[in-house]
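Okay, thanks for making the time, everyone. I'll put the structure up on the screen, and then I'll walk you through some parts of it.

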Amino acid sequence: LDGYEVFDPMFGYLFNSYYEAVGVRHPRPKRGLISRPSVNDISMYRNYVDEAMLVYLADSPARLDLVELGLHHEQQHQELLLMDIKHVLSVNPLRPAYRNRPILPTGSAPTMEWIGHERGVQTVGHNGHGFGFDNEFPSHDVLSQPFELGSRLVTAGEWLEFIADGGYDSAELWLSDGWNAVQRHEWDAPLYWRRDGDDWEVFSLDGPRPLDPADPVCHTSFYEADAYARWAGARLPTEFEWEIAAAGADAAGNLLEGGELHPLSASGGGLTQLIGDTWEWTSSSYSPYPGYEPAAGAVGEYNGKFMINQQVLRGGCAFTPPGHVRTTYRNFFFPPMRWQMSGLRLCRDA
């Protein structure tokens with residue numbers, strides 16, 4: 001924008017997340033040591049930029065696509081901020097709550113059913129109508145073998161059975177890297193679970209709460225999800241099996257604006273909980289679709305350079321803003337990570 005002056009020359013250095021094309025930046029491991037700028041300064045900065053953007057967009061409507069990408073990126077951070085807040089509060093010895101409200105049991109979970117899908121060639125990926133991140137493109141055909149998908153997410157009560165049966169002590173259930181992680185981190189339950197005498201409690205944004213066996217299990221790593229599936233005589237779905245099963249699914253679910261901020265038990269029959277509650281681990285490595293080409297410049301760094309050593313998750317969670325998730329959306333995390341709200345759904349060959 002002609003005549004625009006930056007609010008503070010240091011902010012470009014301070015707030016550059018990882019974009020090499022933008023220039024040098026504050027080291028990521030040291031971000032947590034920065035307690036300034038103040039909230040007031042950040043609010044002034046945001047208002048300053050907003051006012052300039054309104055003028056700029058009136059003169060340059062062709063840039064709206066880039067701004068739309070920025071807005072969806074900010075929605076991702078709305079979700080991640082809640083995950084960060086939950087983690088920070090959980091390690092505080094006082095175990096404070098983000099909010100205070102009554103915690104009610106959600107009832108019993110329905111019996112899991114196996115929903116069958118036939119062999120065939122199916123089109124996956126974004127169809128080009130509406131917004132999509134570049135990693136959802138291009139749409140392409142995949143050959144799907146017959147499979148059956150669990151009708152709901154795995155529950156905390158089912159995970160308790162896995163623990164009681166020595167799941168965390170049975171090396172034969174685990175991938176090699178996963179077993180190393182179990183030993184190194186001394187995992188014996190999902191993140192935020194803690195024994196309370198003979199019972200279990202789980203930390204939530206409402207503070208510590210009794211573990212509800214009907215709730216979906218969450219904050220599991222890919223390694224844990226994979227081991228549980230093997231223990232259950234099943235496997236994790238591929239991301240394409242998940243997308244094929246979810247085609248045409250209702251985008252409604254337990255998402256951020258519902259206000260629960262915690263996964264809820266399934267209700268009803270058929271295929272449920274595809275959207276919201278917890279992100280669902282898949283067995284698919286995060287890699288480019290056939291024909292994928294990253295954009296030029298810094299925008300090309302947004303997804304493409306992370307397509308290595310990570311697993312795809314699908315479906316959104318209770319922290320995801322409505323309108324941000326769709327059945328083609330590809331989230332991704334490293335296999336050992338548990339801080340994100342991730343759970344699992346079982347799959348098996350038909």
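I'll go through the sheets, a helix pair, a cavity and a few backbone oddities. Before that, keep in mind that this is a predicted model.

Let's start with the three-stranded sheet. It's an open sheet, its order is S5-S6-S7, and the pairing is antiparallel. S5 and S7, the latter covering 207–210, sit at the edges with a single partner strand each, so one side of each has no neighbour in the sheet. From one strand to the next, the twist averages 35 degrees. As a reminder, strands in a sheet pair through backbone hydrogen bonds, in either a parallel or an antiparallel way.

Now the pairs themselves. S5 is residues 193–196 and S6 is residues 199–204, and these two run antiparallel over four bridges. If you want a spot to find on screen, look for Asp-196, which stands opposite Asp-199 in S6. The hairpin of S5 and S6 has two residues between the strands, and Gly-197 there takes a positive phi near 70 degrees. On the other side of the story, S6 and S7 also pair in the antiparallel sense, over four bridges. There, Glu-201 has Pro-210 in S7 as its bridge partner.

What lies across S5 and S6? That's H4, and it runs at about 75 degrees to S5.

H4 brings us to the helix pair. H4 is residues 156–164, H6 is residues 222–231, and they pack at an angle of about 80 degrees with their axes 11 Å apart. Angles of 65 to 115 degrees count as roughly perpendicular, and H4 and H6 are therefore roughly perpendicular to each other. Who makes the contact? From H4 you have Glu-158, Trp-159, Glu-161 and Phe-162, and from H6 there's Glu-224, Ala-225, Ala-227, Tyr-228 and Trp-231. Sort the residues of that contact by class and you get six nonpolar, three charged and no polar.

Okay, on to empty space. Rolling a probe the size of a water molecule over the atoms shows where empty space is left. How many cavities of 30 Å³ or more does the structure hold? The count is one. The largest cavity has about 70 Å³ of space in it. Its lining includes some residues from what we just saw: among them are Ala-156, Trp-193, Val-202 and Pro-210. Arg-209, Asp-212, Asp-215, Cys-218 and His-262 also line the largest cavity. By class, that lining has eight nonpolar residues, three charged and one polar.

There's another sheet worth a look. This one is open too, with four strands in the order S10-S9-S8-S11 and mixed pairing. Its edge strands are S10, at 331–333, and S11, at 342–343, and each pairs on one side only. S8, residues 279–285, pairs with S11 in the parallel sense over two bridges. Trp-279 is the residue to click on here, as it stands opposite Ser-342 in S11.

Last, the backbone oddities. Most residues other than glycine have a negative phi, and most peptide bonds are trans. Here are some spots to compare with that. The bond from Arg-36 to Pro-37 is cis, with omega near 15 degrees, and Pro-37 is in the loop between H1 (11–14) and H2 (39–59). Phe-137 and Pro-138 are also joined by a cis peptide bond, with omega about -15 degrees. You'll find Pro-138 in the loop between S2 (120–124) and S3 (140–144). And then there's Tyr-192, a residue other than glycine with a positive phi, near 80 degrees. Tyr-192 is in the loop between H5 (176–185) and S5, which takes us back to where we started.

That's my tour, so over to you for questions.

Conventions. Residues are numbered from 1 along each chain as its sequence is written. This is a predicted model: local features need pLDDT of at least 70, side-chain atom pairs count only at pLDDT 80 or more; totals for chains, interfaces and linings use all residues. Side-chain values use heavy atoms; hydrogens and water are left out. Axes are lines fitted to C-alpha atoms, for helices over the stretch in contact, and angles run from 0 to 180 degrees between N-to-C directions. Angles under 35 degrees count as roughly parallel, over 145 as roughly antiparallel, 65 to 115 as roughly perpendicular and the rest as oblique. Contact means heavy atoms within 4.5 Å. Ala, Val, Leu, Ile, Met, Phe, Trp, Tyr, Cys and Pro count as nonpolar, Asp, Glu, Lys and Arg as charged, and the others, Gly among them, as polar. Two strands pair if DSSP finds at least two bridges between them. On a 1 Å grid over the protein atoms alone, a cavity is a set of points where a 1.4 Å probe fits but cannot get out, and a pocket is an open set with protein on both sides within 12 Å along at least five of seven lines; lining residues have an atom within 4 Å of a point. Grid points are joined across faces, edges and corners, and a volume is the space filled by probe spheres set on the points.
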